[in-house]
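Here are a few notes to read alongside the structure. Have it open and look up each residue as you go.

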Amino acid sequence: MKTEKLKSVSPVSADVDIELINQYAEKELTPEEVFCFSMILCDNEVDRDMERFTDESLDELAPLFLGKSVLFDHRWSTEKQVARLYRTFVEKTDEKTLMGDQKNLLRGSAYMLRTDETKELIKSIEGGIKKEVSVGCQMGGCKCSICGDNLSFDWQTGKTLCKNGHLTGETYDGKLCVGDLTDPKDAYEVSFVAVPAQRGAGVTKGEDGDKIEFLKTIDLNKISKEKKIEAVKILQTSIIEDDERNERARILAENKKFMEEK
Ligand SMILES: [Zn+2]
């Protein structure tokens with residue numbers, strides 16, 4: 001489970017995009033019938049897990065998100081609502097990433113129908129919403145930014161490293177080692193979730209493993225204090241991630257039910 005703070009959600013003109021929208025609509029819609037907004041789905045910045053999407057993976061992810069649902073929590077607005085991504089593109093910015101590269105954003109535009117039920121939600125988006133976005137995708141690889149080799153997680157030390165011994169978060173010849181997320185396999189829905197501000201929103205980048213199950217088997221009396229602290233840290237992170245995953249699953253199930261009822 002990956003997290004990234006939602007930077008902005010802003011309204012977009014439906015007049016310009018109506019032809020694109022109609023590629024995804026069941027019946028021909030007019031600009032007056034829809035509300036459109038744009039958001040940042042992910043970028044090439046290093047995240048809190050010392051991983052980043054490569055520029056190539058952002059390019060490859062863009063088409064995978066097309067047509068995917070954007071889900072809203074009913075506890076936030078009174079009804080369950082669904083929007084759909086109809087346009088995705090990579091935006092080059094003037095900013096630099098932590099790694100000193102040009103910062104690139106994968107942006108998505110979504111539309112929703114203007115109805116009595118969506119009125120309040122549209123108002124919140126127009127007013128600048130405070131919720132965060134959780135984006136799911138499955139990535140094929142995680143490579144060492146120093147040597148390009150595959151990275152793997154070492155359960156004993158709680159560290160991520162490649163076979164040449166480069167550890168993520170460490171610096172080699174002045175270069176930070178991070179995990180390069182490559183080869184996107186699929187993109188899933190986007191959800192707006194209620195999560196504490198300091199946690200940020202989530203970008204799910206694929207399989208997480210079974211950290212908790214593993215840590216249950218560790219005899220805490222037999223490992224050093226440092227390793228104990230590390231193990232507890234991993235365990236705590238996993239618990240938060242599980243909560244987030246359950247929350248996503250709950251919202252998804254709820255929205256699916258809503259779509260079926262319609
Ligand atoms: Zn390496």
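1. Start with Met 50: is this residue buried or partly exposed? Met 50 has 18 C-beta neighbours inside 10 Å, and burial takes 20 or more, so Met 50 counts as partly exposed. You'll find Met 50 in the loop between β3 and β4 (51-53). Take a look at its backbone too: phi is near 60 degrees, which is a positive value in a residue other than glycine. Keep in mind throughout that this is a predicted model.

2. Asp 183 is another non-glycine residue with positive phi, here near 55 degrees. Asp 183 sits in strand β13. With 14 other C-beta atoms within 10 Å, Asp 183 is partly exposed, because being buried would take 20 or more.

3. Stay in β13, which covers residues 179-193, and find Leu 181. Leu 181 has 27 C-beta neighbours inside 10 Å, so this leucine counts as buried. Which residue has its C-alpha atom 5.9 Å from that of Leu 181? It's Arg 52, and the two are 129 residues apart along the chain. Long-range pairing shows up in the overall tally as well: of the chain's contacts with a separation of 6 or more, 72% are between residues 24 or more positions apart.

4. Now the core. The largest nonpolar core has 43 residues, and the members touching the most others are Phe 37, Leu 41, Ala 110 and Tyr 111. Which strand gives the most to this core? That's β3 (residues 34-43), with seven residues. Setting aside neighbours within four places in sequence, Phe 37 has contacts that include Val 9, Pro 11, Ala 110 and Ile 125. Across the whole chain of 262 residues, 33% are buried.

5. Helix α2 deserves a look. Its buried residues are Ser 57, Leu 58, Glu 60, Leu 61 and Phe 65. After α2 comes Gly 67, with a positive phi near 80 degrees. In total, the chain has five helices and 14 strands.

6. Finally, how far does the predictor trust its own work? The mean pLDDT of the chain is 78, with 67% of residues at 70 or more. Confidence is highest in α2 (residues 55-65), at a mean of 96, and lowest in strand β1 (residues 2-4), at 40. Residues 1-7 have pLDDT below 50, yet this stretch has 34 contacts in the model beyond near neighbours in sequence. Residues 195-212 are also below 50, with 43 such contacts.

Notes:
Residues numbered from 1 in each chain as written. Predicted model: local features only at pLDDT ≥ 70, side-chain atom pairs only at ≥ 80, totals over all residues. Helix = DSSP H or I, 4+ residues; strand = E, 2+ residues; numbered from the N terminus. Buried ≥ 20, exposed ≤ 12 C-beta atoms within 10 Å, placed from the backbone. Contact = placed C-beta atoms within 7 Å. pLDDT = per-residue confidence, 0-100. Core = buried A, V, L, I, M, F, W, Y, C linked by C-beta atoms within 7 Å.
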